[in-house]
Amino acid sequence: MKGEEIVDLITRFVKSNPNNQIPERDGLKIFEEPQVAFADGNDPMYEELKEKSVIGPHHRSPREWLEGAKGVISYFLPFSREIVESNEIEGLPSDEWYMARYWGEEFNNLLRSHIVGAIEEAGHRAVAPVVAEGFETFFITSNWSERHTAFIAGLGTFCLSYSLISEKGCAGRYGSVVTDIDLPASLRRAVGLMDNCLGDGNGACDVCIRRCPAGAITREGKDHEKCRAFIIEKIESVYSERHGYFAGGCGKCQTNAPCARTNPRRGG
């Protein structure tokens, strides 16, 4: 399979699969057209992720997930305008946002499996680490980071809230698949980790700081423990019972902000 075939495969699935909707909201669309990029499976940045100051030695490289891995497919699924705008309210997340987090990740898992299946049918090997045997989470990190591999593939850069800002913003979900297909690495235009973020540490953009109901974001970064505690104590204690599932997330820092649906550095 060639790179353009994979892009078309992912785009068609997002556009046509009937699961790209919230069943409790009369088929409200979850994701808009995706962005897709490729990383070199042997990019030295994957070794840098093993440093304690980044993620840690528990993070696996592509070749630790798949022997002979050559390429990594990374994609961003932007939430629809309706989902994003529903969460522009203050306080707790909108029901639409909460449901989109849950059903959106269910759809993302279907997409991961679809990509792996298509690659295997074409005679190659592939694995989606997040749904593969051996995937583990460790408090705020895991042994495979979707956002970091998206950065390596050139899809975007980080911001104060630790979201990743793509050309279509940060409100959405990331996914990836490791394969033995030799894919041409996409251009990584970013030089710094936060090139797409308007925040400069001096108040140039404090929107995500003001939007965070947990007070977990400052100009120095994000307090993950404070964020996690707010989600569990204030959100899940109410929403999981209301909806019958655990979705996680709040999304206030990703909505009603300059980076919600676009790269604010380029305006689109």
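**From one serine to the whole fold**

Ser 61 sits in the loop that runs between α2 (45-48) and α3 (62-65). The model in which Ser 61 is seen here is a predicted one. Is Ser 61 buried or exposed? Its relative accessibility is 8%, and buried means under 20% relative accessible area, so Ser 61 counts as buried. Leaving aside residues up to four places away in sequence, Ser 61 touches Tyr 46, Glu 47, Lys 50 and Trp 144. Another pairing is with Leu 49: twelve residues separate Ser 61 from Leu 49 in sequence, and their C-alpha atoms are 8.5 Å apart in space.

Two other loop residues can be read alongside Ser 61. Asp 26 belongs to the loop between β1 (21-22) and β2 (28-29). Asp 26 is not a glycine, yet its phi is positive, at about 50 degrees. With a relative accessible area of 82%, Asp 26 is exposed. Tyr 162 lies in the loop between β8 (156-158) and β9 (164-166). Tyr 162 also has a positive phi without being a glycine, here of about 70 degrees. The relative accessibility of Tyr 162 is 38%, and this residue counts as partly exposed.

From the loops, turn to a helix. Helix α5 covers residues 95-121, which makes 27 residues. What span should those 27 residues have at 1.5 Å a residue? The expected value is 39 Å, and the end C-alpha atoms of α5 are 39 Å apart, so the two agree. After α5 comes Gly 123, with a positive phi near 95 degrees.

These pieces belong to a protein whose secondary structure consists of eight helices and twelve strands. The radius of gyration is 18 Å, close to the 18 Å given by the globule rule for 268 residues, and therefore the protein is as compact as a globular protein of that length. Measured out along the principal axes, the C-alpha trace spans about 50 × 45 × 35 Å. Of the 268 residues, 51% count as buried.

How does the chain meet itself? Taking contacts between residues at least 6 apart in sequence, 75% join residues at least 24 apart. The surface is the last stop. The accessible surface of the protein is about 12400 Å², and carbon and sulfur atoms account for 48% of that area. As for charge, the protein has 31 positive and 39 negative side chains. The centres of these two sets lie 3 Å apart.

Definitions and conventions. Residues are numbered from 1 along each chain as its sequence is written. This is a predicted model: local features need pLDDT of at least 70, side-chain atom pairs count only at pLDDT 80 or more; totals for chains, interfaces and linings use all residues. Side-chain values use heavy atoms; hydrogens and water are left out. Helices (H or I, at least four residues) and strands (E, at least two) are DSSP runs, numbered from the N terminus. The radius of gyration is taken over C-alpha atoms; the globule rule is 2.2 Å times the number of residues to the power 0.38. Buried means under 20% relative accessible area, exposed over 50%, partly exposed in between (1.4 Å probe, protein chains only). Contact means heavy atoms within 4.5 Å. Accessible areas come from the Shrake-Rupley method with a 1.4 Å probe; for residues, only the protein chains shown count as cover. Lys and Arg count as positive and Asp and Glu as negative; His and the chain ends are not counted. The place of a charge is taken as NZ of Lys, CZ of Arg, CG of Asp or CD of Glu. The expected span of a helix is 1.5 Å times one less than its number of residues.
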